[in-house]
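User: I've got a protein with a ligand bound to it, and I'd love some help reading it. Can we go through it step by step?

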Amino acid sequence: MPTAEQCYVIGGGRPLRGDVTVSGSKNAALYAVAAGLLTADTLTLTNVPRIADIEEMAEIMRLLGSTVEIEGETVRISTPVITSTAPPAELVMRLRASFLVMGPLLARNGEAECVPPGGDVIGSRPLDVHFVGFRMLGASVSRHGANWRVEAPKLHGARIFFDYPSVLGTVNVLFAAVLAEGHTTIINAAPEPEVAMATELLNAMGAKITGEGTPTIEVDGVSSLHGAEFAIIPDRLEAGTYLLAGAATGGDVRITNAVPHHMDSLVAKMREMGMTVEAGEGIGIRAASNGPLQAVQVQAVPYPGFATDLHPQMAAAMTQAQGISLVHERVYDNRTLYVNELRKLGARIITAGDTVIVEGATPLIGGAVRALDIRAGAAVVVAALAAEGESTILGIGHLDRGYAGLEDCLRGLGAQIERR
Ligand code: EPU
């Protein structure tokens, strides 16, 4: 018997107020778990979010020979021997970060083979940056049926230019470069905080990398990495989602553990919208409503620009801002499907190419909507919290993939939200 799909039922129209502590970063934690393949020793990760994507990644690692123990927010990975270099297609197709096993398998065992990874359907998501990097390090890349195969008896350092600062591409190539012989320079690397954290983790495991958090990363290859204990950074995207829910509901939300310098673009835009924002050591980030929100224009671009993974939630908040707001999406070519869901709640929102145009402030009215992917799901939650009356949100499996304890965090801020 198929089990009934779970949903959230949200009673909206209440300002969110209070403090919330966010979990460790979903994406950074996924990179850190994959890094466990790079050493025969034990890697202990703390502050790992309790989300479905981490369970899936752990399952993939187990099938490659790792022992992965998950105990609350601590994950211990140990891979004395890699027993397979080909993760199963059905798991790889469930999450995009699964492709991050390729770099470590190539570096440690000289080969890896897997299907193109799955992930959110938000646009064409090529892999050429990964392959350019692997090839420059001396690997051959070929297609075997449905699989990509990379192999190299030995990797050597290289000067590598990325056409685009791909986040996973940077991490995958770094994973291979740390164990390559000689010096590697990556030019046009992704400077996202999650990538910088992965670099710090690799250094804690004995790698020699400089330039983390900048577009040029330098790596001196080492012959092996050792175990480490490492804490995952707080999730800036989860933090941004709650801050925007606070803005949309006319509330006052503080993220106690937000790292302010990871969130400059959001803080700037929230101030422009008329929120009072305090940010700093000991505060985290607090954003308080201060009269009606004002319309703003946002471009979603790579870090340190406004995060594409906060675009849908920002558009949901914009429905409550006076005037015409715009979000111009410049990372993905199919991120705007959530717009139809927001319209079901009464939002005056349209797309023109990759630009989303929002007219506000519009009173939203509760209704039935669907979470289409993780961030599209977060956007309908933000809108439902701002809407008068009851909303039902279907497809919340997407939210479970990326938000640990979403309903508890929102309830702590005074929201009426129930999982059914
Ligand atoms: N791109 C290329 N060539 C490549 C790879 C990417 O041109 O070889 C372009 C594509 O146009 C693509 C864009 O770069 O649309 C972004 O792709 P990128 O490779 O940077 O994204 P990713 O590494 O696949 C990670 C996050 C995404 C996040 C993006 C951008 C993980 C598991 N995923 O994906 O997170 O949106 O970086 O910041 O870390 C999410 O958390 O909801 C999510 C989708």
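User: By class, what residues make up the shell around the ligand?

Analyst: Keep in mind that this is a predicted model. The shell around the ligand has 22 residues, and you can sort them by class. Four of them are polar and seven are charged, which leaves the nonpolar class with eleven.

User: Which residues are the closest to the ligand?

Analyst: A residue makes it into the shell if one of its heavy atoms lies within 4 Å of the ligand. From the 22 residues that surround the ligand, five stand out as the closest: Tyr 31, Arg 96, Ser 166, Leu 168 and Tyr 332.

User: Which helix gives the most to that shell?

Analyst: Let's start with the helices that each supply at least two residues: H1 (26–35), H5 (128–136) and H6 (167–177). Among the helices and strands, the top contributor gives three residues, and that's H1.

User: Why does the ligand lie between domain 1 and domain 2?

Analyst: Look at where the shell residues come from. Domain 1 covers 7–23 + 234–419, and domain 2 covers 26–231. The ligand lies between them because residues for its shell come from both domain 1 and domain 2.

User: How far is a polar side-chain atom of Arg 375 from an oxygen atom of the ligand?

Analyst: Here we're looking for N or O pairs within 3.5 Å. Asn 27 has a side-chain N or O atom 3.1 Å from a ligand oxygen, while Pro 126 uses a polar backbone atom, 3.3 Å from a ligand oxygen. For the side chain of Arg 375, the distance to a ligand oxygen is 2.8 Å.

User: How much of the ligand's exposed area does the protein bury?

Analyst: First, the setting: the ligand sits in the largest pocket. On its own, the ligand would expose 820 Å². The share of that area buried by the protein is 90%.

User: Now the backbone. Where is Pro 304, with its cis peptide bond from Tyr 303?

Analyst: The bond from Tyr 303 to Pro 304 is cis, and its omega is near 10°. To place Pro 304, find strand S18 (297–300) and helix H10 (311–318); Pro 304 is in the loop between them.

User: What is omega near for the peptide bond from Gly 360 to Ala 361?

Analyst: You'll find Ala 361 in the loop that runs between strands S21 (355–360) and S22 (368–370). The bond leading from Gly 360 to Ala 361 is cis, with omega near -5°.

User: What is the phi of Asn 47?

Analyst: Asn 47 belongs to the loop between strand S3 (42–46) and helix H2 (52–63). Although Asn 47 isn't a glycine, its phi is positive, at about 60°.

Notes:
Residues are numbered from 1 along each chain as its sequence is written. This is a predicted model: local features need pLDDT of at least 70, side-chain atom pairs count only at pLDDT 80 or more; totals for chains, interfaces and linings use all residues. Side-chain values use heavy atoms; hydrogens and water are left out. A polar contact is a pair of N or O atoms within 3.5 Å; within protein, one must be able to donate a hydrogen and the other to accept it, and residues adjacent in sequence count only if both atoms are side-chain atoms. Accessible areas come from the Shrake-Rupley method with a 1.4 Å probe; for residues, only the protein chains shown count as cover. On a 1 Å grid over the protein atoms alone, a cavity is a set of points where a 1.4 Å probe fits but cannot get out, and a pocket is an open set with protein on both sides within 12 Å along at least five of seven lines; lining residues have an atom within 4 Å of a point. A molecule sits in a cavity or pocket if more than half of its atoms lie within 2 Å of its grid points. Helices (H or I, at least four residues) and strands (E, at least two) are DSSP runs, numbered from the N terminus. Ala, Val, Leu, Ile, Met, Phe, Trp, Tyr, Cys and Pro count as nonpolar, Asp, Glu, Lys and Arg as charged, and the others, Gly among them, as polar. Domain bounds come from an automatic or database domain assignment.
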